Amino acid sequence: MQLHLSTYVSQDYLSVFNAFDEQLFGKLSPPYPRLKLLRFDGSGPGDVVAVELQTGIKSFRWTSLITERSITGTEAYFVDQGQELPPPLKVWHHKHLVSKNGSGAVIHDIITYSTGFKPLDLLLYPLMKVQFGMRKPVYQREFGKV
């Protein structure tokens, strides 16, 4: 399944892209499940981000490897690829793309995920949309609403 969410902000794309750091990661974390940051190397190829998802009943480890990063005159992105995923996820690919939009930017969260079972992927879609949709007001607060 693929989910693509876009948020328009007033800051330029390079300023926005360069702000994707540990502090912003913390602000983007959803209220549930709670995330405990275990490791944050950065957003360059070979960097690792590891969290513990705390559900209140059980904790799950989620580790992603940054596999790609590119900056051009009109856009910048990095990709985090799931290495150790909580059930029921089996595949995770998240492209964090920031593109130029006049004097502002558009932040794209492009997520491809799979549980290996299409009906379950479809059931998870609304939850993923809500979870990642919560980033929009954070992005707008951090980088200016358009």
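1. Let's start with lysine 27, which sits in helix 2. Keep in mind throughout that this is a predicted model. Lysine 27 is partly exposed, because its relative accessibility is 36%. Setting aside residues up to four places away in sequence, lysine 27 touches Val138 and Glu142. With the second of these there is also a side-chain to side-chain polar contact, lysine 27 to glutamate 142, at 3.1 Å. If you want a long span to look at, try lysine 27 and glycine 116: they are 89 residues apart in sequence, and their C-alpha atoms are 30 Å apart in space.

2. Those partners of lysine 27 lead to helix 4, which covers residues 135–143. Which residues of helix 4 are buried? They are Arg135, Val138, Tyr139, Gln140 and Phe143. As for what lies over them, the cover includes strand 1 (2–9), helix 1 (13–18), helix 2, strand 6, strand 7 (104–114) and helix 3 (118–133). Just after helix 4 comes glycine 144, with a positive phi of about 90°. For background, most residues other than glycine have a negative phi.

3. Now the overall picture. The protein has four helices and seven strands, and along the sequence they come in the order β-α-α-β-β-β-β-β-β-α-α. For 146 residues, a compact globule would have a radius of gyration near 15 Å, and the protein's own value is 15 Å, so the two agree. Along the principal axes, the C-alpha atoms fill a box of roughly 45 × 30 × 25 Å.

4. A few whole-chain numbers to go with that. Of the 146 residues, 41% are buried. Looking at contacts with a separation of 6 or more, 49% of them are between residues 24 or more positions apart. The accessible surface is about 7800 Å², and carbon and sulfur atoms account for 55% of it. On charge, there are 16 positive and 13 negative ones, and their mean positions lie 6 Å apart.

5. Histidine 96 deserves a look. You'll find histidine 96 in strand 6 (residues 91–101). Is histidine 96 buried or exposed? Its relative accessibility is 7%, under the 20% limit, so histidine 96 counts as buried. Beyond residues up to four places away in sequence, its neighbours are Phe17, Phe20, Ala76, Tyr77, Phe78, Asp80, His108, Asp109 and Arg135. One of these, Arg135, is among the buried residues of helix 4. The side chain of histidine 96 also makes a polar contact with the side chain of histidine 94, at 3.4 Å.

6. Next, two residues of strand 4. Glutamate 68 belongs to strand 4 (residues 59–71), and threonine 63 is in strand 4 too. Glutamate 68 counts as partly exposed because its relative accessibility is 34%, whereas threonine 63, at 12%, counts as buried. Leaving out residues up to four places away in sequence, glutamate 68 touches Pro45, Tyr77, Phe78, Val79 and His93. With tyrosine 77 there is a side-chain polar contact of 3.2 Å. Threonine 63, leaving out neighbours within four places in sequence, is in contact with Val48, Val49, Ala50, Gln81, Gly82, Gln83 and Glu84. Glutamine 81 comes up for glutamate 68 as well: the two are 13 residues apart along the chain, with C-alpha atoms separated by 9.2 Å.

7. The prolines are worth checking by eye. Where are the cis peptide bonds? One joins tyrosine 32 and proline 33, with omega about -5°, and proline 33 is in the loop between helix 2 (22–28) and strand 2 (34–40). Another joins proline 87 and proline 88, with omega about 10°, and proline 88 lies in the loop between strand 5 (75–84) and strand 6. For reference, most peptide bonds are trans.

8. Finally, proline 86, which lies in the loop between strand 5 and strand 6. Its relative accessible area is 7%, so proline 86 is buried. What does proline 86 contact, leaving aside neighbours within four places in sequence? The partners are Leu53, Phe60, Arg61 and Trp62. For arginine 61, the C-alpha to C-alpha distance from proline 86 is 6.3 Å, although the two are 25 residues apart in sequence.

Conventions:
Residues are numbered from 1 along each chain as its sequence is written. This is a predicted model: local features need pLDDT of at least 70, side-chain atom pairs count only at pLDDT 80 or more; totals for chains, interfaces and linings use all residues. Side-chain values use heavy atoms; hydrogens and water are left out. The radius of gyration is taken over C-alpha atoms; the globule rule is 2.2 Å times the number of residues to the power 0.38. Buried means under 20% relative accessible area, exposed over 50%, partly exposed in between (1.4 Å probe, protein chains only). Contact means heavy atoms within 4.5 Å. Accessible areas come from the Shrake-Rupley method with a 1.4 Å probe; for residues, only the protein chains shown count as cover. Lys and Arg count as positive and Asp and Glu as negative; His and the chain ends are not counted. The place of a charge is taken as NZ of Lys, CZ of Arg, CG of Asp or CD of Glu. A polar contact is a pair of N or O atoms within 3.5 Å; within protein, one must be able to donate a hydrogen and the other to accept it, and residues adjacent in sequence count only if both atoms are side-chain atoms.
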